[in-house]
Amino acid sequence: METIIADMTRGIDGDMMAKAGQIIRQGGLVAFPTETVYGLGANGLDETASAKIYAAKGRPSDNPLIVHIARFSDLERIAEQIPDSARKLADAFWPGPLTMIFRKSPEVPYGTTGGLDTVAVRMPDHPIALALIEAGGGYIAAPSANTSGRPSPTRAAHVAEDLQGKIDMILDGGDVGIGLESTIVDLTEEKPVILRPGYINQKMLEDVIGPVEMDRGLTADDPNVHPKAPGMKYRHYAPKASLTIVEGPAGAVMDKIRLLARQEEERGGRVGIIATDETAASYPVGIVKSVGTRTDELSISSHLYGILREFDQLQVTRIYSEAFETPMLGQAIMNRLMKAAGHQVILV
Ligand code: TXA
Ligand code: MG
């Protein structure tokens, strides 16, 4: 199929948006920007449409989708037993990078929730996303718009790289602002639990609704403890080369990465190094990319996935990354980096 690419980097194109809404209502697939990453949208109330998302991405069918809405009042149609905490969190963070999990209503097909009796819901903070949700009928199921297992897309070109020819349309809204997927909080248990860390961190949630737990499956070393969000168990966000994180005091980290990079080059390998503006000039070996500055966490989060994709294209054989101490987004950035690395960390 031919994929239409609609340029909306300079504002919403009304005709194209109407067309995109029509595609969604007729059961097709439209990729669109959000403030976190690009999503691959379909009508979330239509099981056949959701099934196309899984096929285009090569996504395991037990991995549920997030349903995106544009108005809080639309929540009632798809969720049941909505707790008071949901209203409070929505007032504080919607539209925004927070996904909440509820008991699902019968209107939500199991094909959208991966067979679960719960549904994940989010109201994205992006004018193009909100316009598409309205135009498409109000309920857009969307995972990140990448091929399953690849880093999430943070610009339209990443979506095209993975999905051109497999989906009906891509709405190009330029680069996203955050670059990491939304925080997921499960509100179906007695105590709210974070299933995936993101821009909205534990402290921000607790300031609004009191104690919030972190899913043990995210941090446990015990292989018998699984993350509760089905998607968090896969080795996601994986670059093609093997990635190792080096953690410790800055000087020691740089010494170690220089040494490892030199050894890999002597073996005939090609090395990618993920550094920061503060350190990038200090590596005489390897292909060095600065992910951003340590004084601006969003500069790091918004570039991380793009750099992993660049290293894929450069066909490096190994990637070494510095660890990032980012107080606000730290958990989210290191969570994604650790998953990309398959938990290979060297402490110096
Ligand atoms: O920022 C985001 O959340 C982006 C944009 C497009 O909104 N979407 C996104 O979707 O990251 P996806 O499909 O890549 O990740 C959804 C995650 C998966 O880990 C999935 O297992 C989990 O949410 N999830 C969805 N529904 C769930 C449910 N009912 N219970 C537990 N986990 C759920
Ligand atoms: Mg994803």
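**View 1. Five residues that UniProt lists as a "binding site" in this predicted model.** The unreviewed UniProt entry gives Thr-36, His-68, Arg-122, Ala-142 and Ser-182 for this feature; UniProt positions follow the numbering used here, feature names are shortened, and annotations may be inferred rather than shown by experiment. These residues span 147 residues in sequence, yet no two of their C-alpha atoms are more than 12.9 Å apart, so they gather at one spot. A few ground rules: residues are numbered from 1 along each chain as its sequence is written, while chains are lettered from A and ligands numbered from 1 in the order in which they are written. Because the model is predicted, local features need pLDDT of at least 70 and side-chain atom pairs count only at pLDDT 80 or more, though totals for chains, interfaces and linings use all residues, and side-chain values use heavy atoms, with hydrogens and water left out.

**View 2. A closer look at His-68 and Arg-122 from that list.** His-68 is in strand β4, residues 66-68, and Arg-122 is in strand β7, residues 118-122; helices (H or I, at least four residues) and strands (E, at least two) are DSSP runs, numbered from the N terminus. Are these two buried or exposed? His-68 is buried at 4% relative accessibility, and Arg-122 is buried too, at 2%. Here buried means under 20% relative accessible area, exposed over 50%, and partly exposed in between, using a 1.4 Å probe and protein chains only. Setting aside residues up to four places away in sequence, His-68 touches Arg-122, Pro-124, Ile-133, Gly-138, Tyr-139, Ile-140 and Ala-142, where contact means heavy atoms within 4.5 Å. A polar atom in the side chain of His-68 is 3.2 Å from the backbone oxygen of Ile-66. Arg-122, for its part, has a side-chain polar contact with the side chain of Thr-34 at 3.1 Å. A polar contact is a pair of N or O atoms within 3.5 Å; within protein, one must be able to donate a hydrogen and the other to accept it, and residues adjacent in sequence count only if both atoms are side-chain atoms.

**View 3. Ligand 1 and the residues around it.** How many residues surround ligand 1? There are 26, and the closest are Thr-36, Asn-63, His-68, Ser-182 and Gly-231; a residue counts as near if one of its heavy atoms lies within 4 Å. By class, this shell has 14 nonpolar, eight polar and four charged residues. For that tally, Ala, Val, Leu, Ile, Met, Phe, Trp, Tyr, Cys and Pro are nonpolar, Asp, Glu, Lys and Arg are charged, and the others, Gly among them, are polar. Strands β4, β7 and β11 (193-196) each give the shell at least two residues, and β7 has the largest share, with three.

**View 4. Polar atoms facing ligand 1.** An N or O atom in the side chain of Arg-59 is 2.8 Å from an oxygen atom of ligand 1. Ser-144 has a polar side-chain atom 3.0 Å from an oxygen atom of the ligand, and the side chain of Thr-118 has an N or O atom 3.0 Å from a ligand nitrogen. On its own, ligand 1 has 680 Å² of accessible area, and the protein covers 98% of it; such areas come from the Shrake-Rupley method with a 1.4 Å probe, and for residues only the protein chains shown count as cover.

**View 5. A second "binding site" list, with Ser-152 and Arg-196.** The unreviewed UniProt entry also places this feature at Arg-59, Asn-63, Thr-118, Ser-144, Ser-152, Arg-196 and Tyr-237. They span 179 residues in sequence and the farthest two C-alpha atoms are 24.7 Å apart, so they do not all gather at one spot. Ser-152 is in the loop between β8 (140-141) and α7 (156-163) and is buried at 1%. Its contacts beyond four places in sequence include Ser-144, Tyr-237 and Arg-309. Arg-196 lies in strand β11 and is buried at 10%. A polar atom of the Arg-196 side chain is 2.9 Å from the backbone oxygen of Ser-182.

**View 6. Arg-309 in helix α11.** The helix covers residues 297-313, and Arg-309 is buried within the model at 2%. Among its contacts beyond four places in sequence are Asn-146, Ser-152, His-158 and Glu-161. The Arg-309 side chain also reaches the backbone oxygen of His-158 at 3.5 Å.
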